[in-house]
Amino acid sequence: MAFEAFPPLIADQLHYLLNNSPDSIKIENVRSGNRFNPRILDRFTLVIPYCLDTIKWDVIYNSEYPAAPPDFIFGPDDEDFMPCSTTIAPLDSLLEKALSEWNNQDSTLLLVLIQGLRDQYMAYQRKRVGQVDDDRVKFEISTVLTRKGIEMQMTSGADKPEEVKFAVPLVMDMSINKLVVGCPWKNEQKIYLQVVYPILRKYESAPSSPRLKLVSSSDLKALFSVEDVKLPPWMDGMCLAEYLPHLEETLERQILEAVSAIVLKRSFVEALTLFLGRPLEADPTFCRKASFLAASGPFPFVVHFFFPTQFPKQQPALMLQSCQHLNQLSEPVKLNLLTDYPWSPRWEVGRMAERLCDFLTDEAVNFKKYCNEALLQH
């Protein structure tokens with residue numbers, strides 16, 4: 001995002017905020033409150049990750065007095081949030097200094113201020129949840145508070161029921177980043193369990209099971225997709241302290257299987273080279289795709305392999321692309337993805353490659369015919 005329309009002192013703070021925030025804070029709804037020159041921007045909405053969702057705070061500077069500290073307007077559901085009140089939690093020393101000794105020349109202070117306010121917001125939400133008149137929720141809090149990094153939130157409104165939401169970082173005896181050779185990830189990959197409890201009404205005798213959902217950072221999908229994980233069942237009378245260890249053990253096993261699958265995919269690509277030659281390109285780290293130049297007589301074409309994270313239980317999808325034929329958009333003619341071909345996850349990689357290339361030999365004839373028909377239509 002370009003900040004040229006902000007006063008320089010404010011722009012420096014925004015640059016530092018977006019480049020150094022560990023929580024991937026975003027800025028939207030940028031606008032001006034300058035009555036003399038509305039082209040000068042001085043206010044915006046912060047989108048802050050919290051509890052596996054986001055909260056939005058309006059930040060208002062005064063471009064006529066850019067040395068003044070910004071004002072904050074919190075969300076409509078958080079009218080009782082007063083971050084400077086020590087009844088929520090003692091003020092962090094850095095937050096207290098940012099509030100009392102604001103220095104517009106210090107570009108780091110906006111980030112310090114936002115992080116301190118977010119910590120106060122987390123304490124505010126924890127206090128709200130602790131006041132909920134629901135014995136089950138109070139018991140859950142008592143069993144999981146020893147875990148680091150848990151966030152919780154009370155949600156309610158005229159058009160939605162009261163709910164308590166937990167975001168629980170899962171603990172595994174391994175660093176996911178270090179499992180993959182040549183891993184490019186800068187931040188440690190984490191997996192969270194989102195747990196949502198409907199607040200039990202007095203006239204309801206049996207509490208319903210919480211809603212459970214796994215959430216991970218987007219980078220992790222290159223190795224392992226949490227959407228593919230079948231969560232263990234939640235038994236009657238169960239609590240989080242009982243549920244989490246079994247879930248973490250399941251995830252550890254499946255992540256290690258995904259890492260092993262990378263090795264198998266690399267071996268499979270190497271086996272393909274015996275039939276197709278060296279690949280034109282391949283993903284060296286996660287082995288998500290590879291492309292080979294093939295030929296059927298004088299007809300050259302490219303074969304793209306797209307590997308699922310659950311290889312070899314799931315076979316790769318293939319796409320054939322002509323090197324000689326263009327469609328009406330002047331793009332190379334391609335076939336739709338192919339997955340219906342001989343495959344067994346129990347075969348050795350050499351046999352997988354051999355059977356697949358036998359399939360390609362026959363499919364290339366059909367693909368050449370398809371390309372020639374497309375050229376006649378064009």
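**Entry 1: Arg35 and Glu64.** I looked up Arg35 and found a relative accessible area of 65%, so Arg35 is exposed, the cut-off being over 50%. The model is predicted, and I read the values below with that in mind. I then searched for an acidic partner and found that the side chain of Arg35 meets that of Glu64 in a salt bridge, 3.6 Å from N to O. Arg35 sits in the loop between β1 and β2 (43-50) and Glu64 in the loop between β3 and β4 (71-73), so this salt bridge ties together parts that lie 29 residues apart in sequence. Glu64 I recorded as partly exposed, at 28% relative accessibility.

**Entry 2: Arg31 and Asp58.** I next examined Arg31, whose side chain forms a salt bridge with that of Asp58 at 3.5 Å, N to O. The pair links distant parts of the chain: Arg31 belongs to strand β1 (residues 26-31) and Asp58 to strand β3 (residues 53-60), 27 residues apart. I noted Arg31 as partly exposed at 24% relative accessibility. Asp58 is likewise partly exposed, with a relative accessible area of 23%.

**Entry 3: Arg288 and Asp283.** I then turned to Arg288, which forms a salt bridge with Asp283; their closest N and O atoms are 2.9 Å apart. Is Asp283 buried or exposed? I found a relative accessible area of 12%; Asp283 is therefore buried, since the cut-off is under 20%. For Arg288 I recorded 40% relative accessibility, which counts as partly exposed.

**Entry 4: Whole structure.** Finally, I searched the whole structure and obtained 10 salt bridges. Among them are Arg35 with Glu64, Arg31 with Asp58 and Arg288 with Asp283.

Definitions and conventions
Residues numbered from 1 in each chain as written. Predicted model: local features only at pLDDT ≥ 70, side-chain atom pairs only at ≥ 80, totals over all residues. Heavy atoms only, no water. Salt bridge = Lys/Arg side-chain N within 4 Å of Asp/Glu carboxyl O. Helix = DSSP H or I, 4+ residues; strand = E, 2+ residues; numbered from the N terminus. Buried < 20%, exposed > 50% of the residue type's maximum accessible area, 1.4 Å probe, protein only.
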